[in-house]
2 protein chains.
Amino acid sequence: MNSARRQATRQKLYEAAVTLIAEQGFSSTTVDEIAERAGVAKGTVYYNFASKTELFEELLRHGVGLLTRSLREAAEAGVKTSGRHVDALDAMIRAGLDFIARYPAFTQLFVAELWRTNRAWQSTLLMVRQDAVTVVATVLKDAVDAGELSEELDIPLTASALFGMVLVAALDWQAFQPERSIDDVHAALSRLLQGRVASG
Amino acid sequence: MNSARRQATRQKLYEAAVTLIAEQGFSSTTVDEIAERAGVAKGTVYYNFASKTELFEELLRHGVGLLTRSLREAAEAGVKTSGRHVDALDAMIRAGLDFIARYPAFTQLFVAELWRTNRAWQSTLLMVRQDAVTVVATVLKDAVDAGELSEELDIPLTASALFGMVLVAALDWQAFQPERSIDDVHAALSRLLQGRVASG
DNA sequence: GTTTTTATACTGACCGGTCAGTTCAATCAC
DNA sequence: GTGATTGAACTGACCGGTCAGTATAAAAAC
């Protein structure tokens, strides 16, 4: 059980499912399509996952796991180089952009599901969302504690707003201006964040 | 044709469809459900709209029409009172929050579909998105032309980022902290936007 | 001012297709 | 030789769209 071979099959199924569901949505994506895209028999899907829904839930956990790990590592590395927590924040924005550039399909799918209610996987989604927001909020809190950011900062709301800013800007970048470099996008967002927008 | 009665039926169908699709997504929402929620027979749906997809597309146009009108009015009123374009921007943020508070279901649905590809209504979505972003970008451009914002400002990307900031913060507010007042949320976003985040 | 006609709006049973999930004997790979 | 995969057939619930018929109200005919 859980052999390397099986792991590889599951990975193929994740990759097939993520692009199809990002394009078409969960309900319009058929299990037959997923199996075909993954180059696997339909029976294999049900040998590896209890249901279509469970495949999707594990996919969510898998993807958000990658994101949070990447954000955490960026934050740690960012604070280590300069000792300033705002640099950790900036490094996290960069890591977010990297993630979205690398896994655009997962990001689309995540956004599409995030604020839906009454879905089978709602509790799973709430948990993984909490994981991701916590990483951002923690860095914000550290920066406030260190006196780098105002004590009046509304941490949870700001974490959400930052998350949204990066998310929407990056998705628009991917969808409508894919020729731009990541450095370019990163610079524009950093500027906006650091209040260097006002003229003079 | 286009009688008051028919208009009323279409309105009922919009209202029924928007909440159901926001909760469940387009594909998981059945025409039977929409009809039942609207208190109307299934045939009536097809008497008023050519297909489920067309109902959805007209719903998108209808909703984004409301949003852009509201943003435009806010921007005009905002610039009139003080003559400063950054106040128009702030007024637009407020109008965005108002809209999301008033039509949360439409907002959810719009976000969920915005970055999907390969969907029947993609072109419709692209058009209405363009309408909305243009309103924001226009105000940004006016502010830059008036010397209130830096000339180096990346207008389209900043417009997207602002849009995302307000969108995600507001959806999180609605979903996870609905007890907070709109003034409170508005203040936090204004602060973030105007660079009053850094301490000191 | 009552009957007839017409146009529009609405109804709901029904049909044909689709799809998640099941089953299982046969084959493969380590 | 045991765990993993295949492939194909099958089931049954579900759903988008259709259509013959009904309801309503206003105009036309008498």
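This is a tour of a predicted model, going from one protein chain to the chain pair and then to the two DNA strands.

**Stop 1: chain A alone**

Select chain A and colour it by secondary structure. The chain has 9 helices and 0 strands, and along the sequence the pattern reads α-α-α-α-α-α-α-α-α. Turn the C-alpha trace onto its principal axes, where chain A spans about 60 × 35 × 35 Å.

**Stop 2: chain A laid on chain B**

Add chain B and superpose chain A on it. A turn of 180 degrees with a shift of 0.1 Å along the axis brings chain A onto chain B at an RMSD of 0.2 Å. The two copies are thus related as by a two-fold rotation axis.

**Stop 3: the contact between the chains**

Select the residues of each chain that touch the other. There are 50 residues from chain A and 50 residues from chain B in this contact. Of the interface residues of chain A, 98% are also interface residues in chain B, so the copies meet through the same surface.

Between them, chain A and chain B bury about 4400 Å², with 60% of this area on carbon and sulfur atoms. On the chain A side, show W115(A), R116(A) and L157(A) as sticks; these residues lose the most area to chain B, together 17% of what that side buries.

Next, look at the polar features of the interface. The salt-bridge rule finds 4 across the interface of chain A and chain B. One of them joins D154(A) to R180(B), and the closest N and O atoms are 2.4 Å apart. Polar contacts across the interface involve 18 residue pairs, both residues being at pLDDT 80 or more.

Now select the helices behind this surface. In chain A, α1 (4–24), α6 (104–114), α7 (122–145), α8 (155–176) and α9 (182–193) each supply at least two residues of the side that touches chain B. The largest share of that side, 13 residues, belongs to α8(A). Coloured by class, the side of chain A that touches chain B shows 24 nonpolar, 15 polar and 11 charged residues.

**Stop 4: DNA strand C**

Show DNA strand C with the protein residues around it. There are 19 such residues, and K42(A), T9(B), A41(B), T44(B) and Y47(B) come nearest. Which parts of the strand are within 4 Å of the protein? Of the atoms of DNA strand C within that distance, 73% belong to sugar or phosphate, and the rest belong to bases.

Three phosphate approaches can be picked out in turn:

- At T29(A), a polar backbone atom is 3.2 Å from a phosphate oxygen of DNA strand C.
- At Y46(A), an N or O atom in the side chain is 3.0 Å from a phosphate oxygen of DNA strand C.
- At T9(B), a polar side-chain atom is 2.4 Å from a phosphate oxygen of DNA strand C.

Both chains contribute helices here: α3 (42–48) of chain A, together with α1 (4–24) and α3 (42–48) of chain B, each supply at least two residues of the surface near DNA strand C. The most comes from α3(B), with 4 residues. By class, the surface near DNA strand C has 5 nonpolar, 9 polar and 5 charged residues.

**Stop 5: DNA strand D**

Switch to DNA strand D. Around it are 20 residues, of which T9(A), T44(A), Y47(A), V31(B) and K42(B) come nearest. Among the atoms of DNA strand D within 4 Å of the protein, 70% are of sugar or phosphate and the rest are of bases.

Again, pick three phosphate approaches:

- T44(A) has a polar side-chain atom 2.4 Å from a phosphate oxygen of DNA strand D.
- Y47(A) has a side-chain N or O atom 2.6 Å from a phosphate oxygen of DNA strand D.
- K52(B) has a polar side-chain atom 2.9 Å from a phosphate oxygen of DNA strand D.

Which helices supply at least two residues each of the surface near DNA strand D? Select α1 and α3 of chain A and α3 of chain B. The largest share, 4 residues, comes from α3(A). The surface near DNA strand D divides into 6 nonpolar, 10 polar and 4 charged residues.

Notes. Residues are numbered from 1 along each chain as its sequence is written. Chains are lettered from A and ligands numbered from 1 in the order in which they are written. Side-chain values use heavy atoms; hydrogens and water are left out. Copies are superposed by least squares on the C-alpha atoms of residues with pLDDT of at least 70 in both. Contact means heavy atoms within 4.5 Å. Buried area is the accessible area (1.4 Å probe) that two parts lose on being put together, summed over both. A salt bridge is a side-chain nitrogen of Lys or Arg within 4 Å of a carboxyl oxygen of Asp or Glu. A polar contact is a pair of N or O atoms within 3.5 Å; within protein, one must be able to donate a hydrogen and the other to accept it, and residues adjacent in sequence count only if both atoms are side-chain atoms. Ala, Val, Leu, Ile, Met, Phe, Trp, Tyr, Cys and Pro count as nonpolar, Asp, Glu, Lys and Arg as charged, and the others, Gly among them, as polar. A residue is near a molecule or strand if one of its heavy atoms lies within 4 Å of it.
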